[in-house]
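Please walk through this protein chain step by step, beginning with how its helices are named and then moving on to its interior and its charged pairs.

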Amino acid sequence: MTELIVLTCASGRQCSGIIPLLYGKPSYLLRLVVNSTSSLQRLSKQWPAAEVVQANLRSPDDCSKILHGATAIVFIGPPYHPYEVTLGMNMIDAAVEETKTNKAFKHFIFSSAIHPELSKMLNHTHKRPIEEYLTESGLSYTILQPSTFMDNFIGVLVDQAASSAHKKGLFKATFNPNTPMSFSTVRDLADIVVKVITERARHFYATYQIVATFPITTTEFITQVGEALGIEFEIQQMPFEQACEIFTKSKTAGQEMDQQYKDGPERMLIYYNSRGLYGNPGVAEWLLGRPATSPADLALAKLKERSQ
């Protein structure tokens, strides 16, 4: 039987890794959920065999419609959204209702964040009540907890390595480069999402921390990438206000946003300037059946993609 898999925030970074692994497989049909008309048009062209729908997750009716007839959902919330908890609860409520009439619906997969107990960061603490609501919902669920993605930084490094004639580069860090961090990669998360979908019941009621590295500083991260690419990077930390603007606009298509949309990036960067995110790659490696992706691995893979 062909299964209908729903993916929210389908135009975002996480789904950019997940969709290619599922698209075109005879076992699955994809329903890609987006928020904007531009994303609807872009994904409809990029993935013509998928069903692409525009929805407002603040609307319970929209949530019900996107889950109609589905087998499973991979719920990814919009980053730094002030109503993220509401959106998550709406989707869980819709899934509960869907199970009453659709016996095919089997699985709610939630891409959360590492350490949702960290109340100082909105983009983490907003995940905690969603996790709680999901675990009490009666649904068969799996919770994945990735950390900061290396992919957020790797593109600029690879571009400089490919274009620099002097093998010198400059990396402008958005937060303290000496703060230890356990990084994640989209590649690892995508592979694990697909494994969880295909193996299903084996992963019911599990919560998995998905990181690729033990804590390393951004300086160490950049050094490893530079050695792999044969380029030496100078690291400069940009002013706090500039870093906040970059993070906010990267998540809002460059549009000017109200302060409530800026609170998340601002609090996150304050935290990152003094504290890091600590995790263990052991769970990810067990799920992957291979070593997690290192900074050097990811840089070389991106460089190869760039040259193709």
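Helices here are DSSP runs of H or I with at least four residues, and they are numbered from the N terminus. With that in mind, one can place Gly226 in helix α9, remembering throughout that the model is a predicted one. Gly226 counts as buried because its relative accessibility is 4%, and buried means under 20%. Leaving aside neighbours within four places in sequence, Gly226 is in contact with Ile231 and Phe233. Val74, by contrast, is 152 residues from Gly226 in sequence, and the two C-alpha atoms are 35 Å apart in space.

Helix α9 also leads to the interior, for it is one of the elements that each supply at least two residues to the largest nonpolar core, as do α7, β7, α10, α11 and α13. This core has 36 residues, of which Ile154, Leu157, Phe221, Tyr272 and Leu277 touch the most other members. Its largest share, 5 residues, comes from α7, and at least three residues are drawn from each of domain 1 (3–146) and domain 2 (150–180 + 215–276 + 294–307). Not counting residues up to four places away in sequence, Ile154 touches Phe221, Val225, Pro295, Leu298, Ala299 and Lys302. There is also a second, separate core of 35 residues, which includes Ile5, Cys15, Ala206 and Tyr208.

We now turn from nonpolar to charged side chains. Side chains of opposite charge can pair when their charged atoms come close. The whole structure holds 12 salt bridges, among them one between Glu51 and Arg31, with 2.9 Å from N to O. Glu51 belongs to strand β3 and Arg31 to strand β2, so that this pair links distant parts of the chain, 20 residues apart. Arg31 counts as buried, at 9% relative accessibility, whereas Glu51, at 36%, counts as partly exposed.

Another salt bridge joins Arg306 and Asp159, again with 2.9 Å from N to O, and it links helix α13 with helix α7 across 147 residues of sequence. Arg306 is partly exposed, with a relative accessible area of 45%, and Asp159 is likewise partly exposed, at 39%.

A further salt bridge, between Asp191 and Arg290, has an N to O distance of 2.9 Å. Because Asp191 lies in helix α8 and Arg290 in the loop between α12 and α13, the pair ties together parts that are 99 residues apart in sequence. Salt bridges with shared partners join Asp188, Asp191 and Arg290 into one network.

How values were computed. Residues are numbered from 1 along each chain as its sequence is written. This is a predicted model: local features need pLDDT of at least 70, side-chain atom pairs count only at pLDDT 80 or more; totals for chains, interfaces and linings use all residues. Side-chain values use heavy atoms; hydrogens and water are left out. A nonpolar core is a set of buried Ala, Val, Leu, Ile, Met, Phe, Trp, Tyr and Cys residues joined through side-chain atoms within 4.5 Å. Buried means under 20% relative accessible area, exposed over 50%, partly exposed in between (1.4 Å probe, protein chains only). Domain bounds come from an automatic or database domain assignment. Contact means heavy atoms within 4.5 Å. A salt bridge is a side-chain nitrogen of Lys or Arg within 4 Å of a carboxyl oxygen of Asp or Glu.
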